[in-house]
Amino acid sequence: MPARTYEGTDMAVSRPATDSVAETTTVGVAAPLTANLRRVSWGAIIAGVVVALAIQLLLAMLGAGVGLATIEPAQQGDNPSATSMGIGAAIWWALSGIVAAFAGGWVAARLAGVPSREAGMLHGVATWAAATLVVLYLLSSTASSIVGGAFNVVGQTLSGVGSAAGGAVSAAAGQIGYPLEAIQDEIRSAANPDDPEAAGRQLATAMGRVLTGEGDAVNQARQDAIDVMVRQGVPQEDAQRQVQEWEQRYQETRDQAAQQARAAADAAADGASTAALYGFIALLLGALAGAFGGRAGTPPLEVAVAETRRTHVS
């Protein structure tokens, strides 16, 4: 079969020869070759983005309505937990994004009018990418409070998981710096009841140096604490035993706080890693949905030729 040729602005499609005579039919494609190679239609992509955002907004509002309907303030025991609500919102957000990407890709490919599945898929992917950037902007800007309220609800739900994990790390880490507070009252109560404030301050100061100091300063502070207790009438052996007990309890409290901080940090890291992985999967599925939507919305050659001829004639 001879190759296709272009005659002016009409596309001549050659058919197989019959009785040694080649037939050529002009189908009237009003587009020169250079214009046909430029297959990007930004107008179609913008239209697809608008459709995708509108559908995702509708689905987000639907999901929010259904989710809030399951909450009964008067019956706290029957309400779903915050974790289950967050997981459900994330799943619904991902599904609505996939549906919106498919619809936006379909619209972009159909309006582009290029009878090429490759071009249709590229229009679908471009539509998904532009819509994703717009959604991210709405989630991270003050405009979300006006036009992205529904998007912001899901964004706050997802960010709440990371904030809770970060708060747990901060709380556990704070306990490492102040484990002395757990035994501070007991140290003050060991002072002379006749003058509790002065003796309590002296003993607390000395024990603070014992528990937080280093090297020879610890030994000197330990002896000072024992001397304070001995001056208050506590036997030497009892004072030494009490100081050792306080040191041991301080070390146990500090080790426990450090272990809690490490556990909280591991949980936060695991949560962030899981959220990032699921976010990647959701975005990848959205890109594939946009590509398949563009493929499904690619107009057949006959439709594209008819539309082009009608445009050329008008």
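# Salt bridges and burial around helix 8

The side chains of R209 and D224 form a salt bridge, 2.9 Å from N to O. This is a predicted model in which local features need pLDDT of at least 70 and side-chain atom pairs count only at pLDDT 80 or more, while totals for chains, interfaces and linings use all residues. Residues are numbered from 1 along each chain as its sequence is written, and side-chain values use heavy atoms, with hydrogens and water left out.

Me: Why is the pair R209 and D224 called a salt bridge?
Reply: A salt bridge is a side-chain nitrogen of Lys or Arg within 4 Å of a carboxyl oxygen of Asp or Glu. The N to O distance between R209 and D224 is 2.9 Å, so the pair meets the definition. R209 lies in helix 7 (residues 196–212) and D224 in helix 8, 15 residues apart. Helices here are DSSP runs (H or I, at least four residues), numbered from the N terminus.

Me: What makes R209 count as partly exposed?
Reply: Buried means under 20% relative accessible area, exposed over 50%, and partly exposed in between (1.4 Å probe, protein chains only). R209 has 38% relative accessibility, so it counts as partly exposed. D224, at 23%, is also partly exposed.

Me: What does the salt bridge of R222 with E247 tie together?
Reply: The closest N and O atoms of R222 and E247 are 2.8 Å apart. R222 lies in helix 8 and E247 in helix 9 (residues 236–297), so the pair ties together parts that are 25 residues apart in sequence.

Me: How do you know that the length of helix 8 agrees with its number of residues?
Reply: The expected span is 1.5 Å times one less than the number of residues. For the 16 residues of helix 8 (residues 216–231) that gives 22 Å, and the end C-alpha atoms are 23 Å apart, which agrees.

Me: Why are the buried residues of helix 8 said to line one face?
Reply: The buried residues are V218, A221, A225, I226, V228 and M229. Seen down the helix axis, they fall within an arc of 155°, so they line one face. That arc is taken over the directions from the helix axis to the C-beta atoms. The face turned away from the buried side carries the exposed residues D216 and R231.

Me: Where is the pLDDT below 50?
Reply: pLDDT is the predictor's confidence in each residue, from 0 to 100. The chain has a mean of 74, but residues 1–37 are below 50. Where pLDDT is low, the predicted coordinates should not be read in detail.

Notes: Helices (H or I, at least four residues) and strands (E, at least two) are DSSP runs, numbered from the N terminus. Contact means heavy atoms within 4.5 Å.
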